[in-house]
Amino acid sequence: IYEIAEKYNTKFFSTSALRYATELDDFKNGVNSVSITGGGRSFQEYIVHQIEMLVKLMGTNAEEVKVFNAGKQTMCVVKFSDGRCGFLEYASSNPFSIAVEEKNGDTFTKNIDSEFFIGMLDSILNFFLNGNLPFEKEQTLAVIGIRDALIKAIDTPDEWVKVK
């Protein structure tokens, strides 16, 4: 999609509204680890929202993932090239929340209840007004790479799957 867009000089972006949760903007000291809960109709459809928050907070250098199934909960580990890990817990009825450890050791736990849809709409409007992308395409590609690896990992629980 990016190759076609570049060929025809067409700007676009794809994102989850949860990227715009203001609760993600409070971490000034860098993120050492994060645990994110979330839910929705199905893992395959809704895990992308948790991954979007993970990539915004921890970056694009995810190397491998592992999935553990625990009843109706799916627990995921996303390992980054610098040794940091992010944790995603999916269950259909989970609310969206984050628990963050900053690099300086400070910890925070927050429910995601800000007006993230308004933030996303503002970003879309600004995109159409000025053509500026609100984040690098590498973040979108990282989100999709992690999602694909996690969906593959569901079929091989307890085994590491490389992120492509």
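The expected span of a helix is 1.5 Å times one less than its number of residues. This relation is applied in the second legend below, and every view is drawn from a predicted model.

**Figure 1. Overall architecture of the protein chain, with four helices and seven strands.** Read along the sequence, the elements follow the pattern α-β-α-β-β-β-β-β-α-α-β. The radius of gyration is 16 Å, close to the 15 Å that the globule rule gives for 164 residues, so the protein chain is as compact as a globular protein of that length. The C-alpha trace spans about 45 × 35 × 35 Å along its principal axes. Of the 164 residues, 45% are buried. Among contacts between residues at least 6 apart in sequence, 70% join residues at least 24 apart. The exposed surface of the protein chain amounts to about 9100 Å², and carbon and sulfur atoms supply 53% of it.

**Figure 2. Helix H2 (residues 43–58) and the elements against which it packs.** At 1.5 Å a residue, the 16 residues of H2 should span 22 Å; the C-alpha atoms at its ends are 21 Å apart, which agrees. The buried residues of H2 include Phe 43, Ile 47, Val 48, Ile 51, Leu 54, Val 55 and Met 58. Gln 50 and Glu 52 of H2 are likewise buried. The packing partners of these buried residues are strand S1 (31–38), strand S3 (73–80), strand S4 (85–90), strand S5 (97–102) and helix H4 (137–154). Just after H2, Gly 59 adopts a positive phi of about 105°.

**Figure 3. The surroundings of Val 34 in strand S1.** Val 34 has a relative accessible area of 1%; because buried means under 20%, this residue is classed as buried. Leaving aside residues up to four places away in sequence, Val 34 touches Leu 54, Leu 57, Met 58, Cys 85, Gly 86, Phe 87, Ile 98, Ala 99 and Val 100. One of these contacts, Met 58, is 24 residues from Val 34 in sequence, while their C-alpha atoms are 8.0 Å apart in space. The strand that holds Val 34 is mostly covered, with six of the eight residues of S1 buried.

**Figure 4. Pairing of strand S1 with S5 and S4.** Strands of a sheet pair through backbone hydrogen bonds, either parallel or antiparallel. S1 and S5 run antiparallel and are joined by six bridges. Within this pairing, Ile 36 has Ile 98 of S5 as its bridge partner. S1 and S4 are paired in the parallel sense, over six bridges. Here Ser 33 is bridged to Cys 85 of S4.

**Figure 5. The open sheet of seven strands and its edges.** The strand order is S6-S5-S1-S4-S3-S2-S7, with mixed pairing. Strand S6 (107–111) and strand S7 (161–162) stand at the edges with a single partner strand each, so one side of each is left without a neighbour in the sheet. Helix H4 packs on the sheet and touches S2, S3, S4 and S7; the direction of H4 makes about 40° with that of S2.

**Figure 6. The hairpins of S2 with S3 and of S3 with S4.** Strand S2 (residues 62–70) pairs with S3 in the antiparallel sense over eight bridges. Glu 64 has Lys 79 as its bridge partner in S3, and Phe 68 stands opposite Met 75. Two residues lie between S2 and S3 in their hairpin, and Gly 71 in the turn has a positive phi of about 65°. S3 and S4 also run antiparallel, joined by six bridges. In S4, Glu 89 stands opposite Met 75. The hairpin of S3 and S4 has four residues between the strands, and Gly 83 takes a positive phi near 90° there.

**Figure 7. Two loop residues with positive phi, Asn 9 and Asp 158.** Asn 9 is not a glycine, yet has a positive phi of about 50°. This residue belongs to the loop between helix H1 (2–7) and S1. Asn 9 is exposed, with a relative accessible area of 71%. Asp 158, also not a glycine, has a positive phi of about 70°. The loop that holds Asp 158 lies between H4 and S7. With a relative accessible area of 47%, Asp 158 is partly exposed.

Technical notes:
Residues are numbered from 1 along each chain as its sequence is written. This is a predicted model: local features need pLDDT of at least 70, side-chain atom pairs count only at pLDDT 80 or more; totals for chains, interfaces and linings use all residues. Side-chain values use heavy atoms; hydrogens and water are left out. Buried means under 20% relative accessible area, exposed over 50%, partly exposed in between (1.4 Å probe, protein chains only). Contact means heavy atoms within 4.5 Å. Two strands pair if DSSP finds at least two bridges between them. Axes are lines fitted to C-alpha atoms, for helices over the stretch in contact, and angles run from 0 to 180 degrees between N-to-C directions. The radius of gyration is taken over C-alpha atoms; the globule rule is 2.2 Å times the number of residues to the power 0.38. Accessible areas come from the Shrake-Rupley method with a 1.4 Å probe; for residues, only the protein chains shown count as cover.
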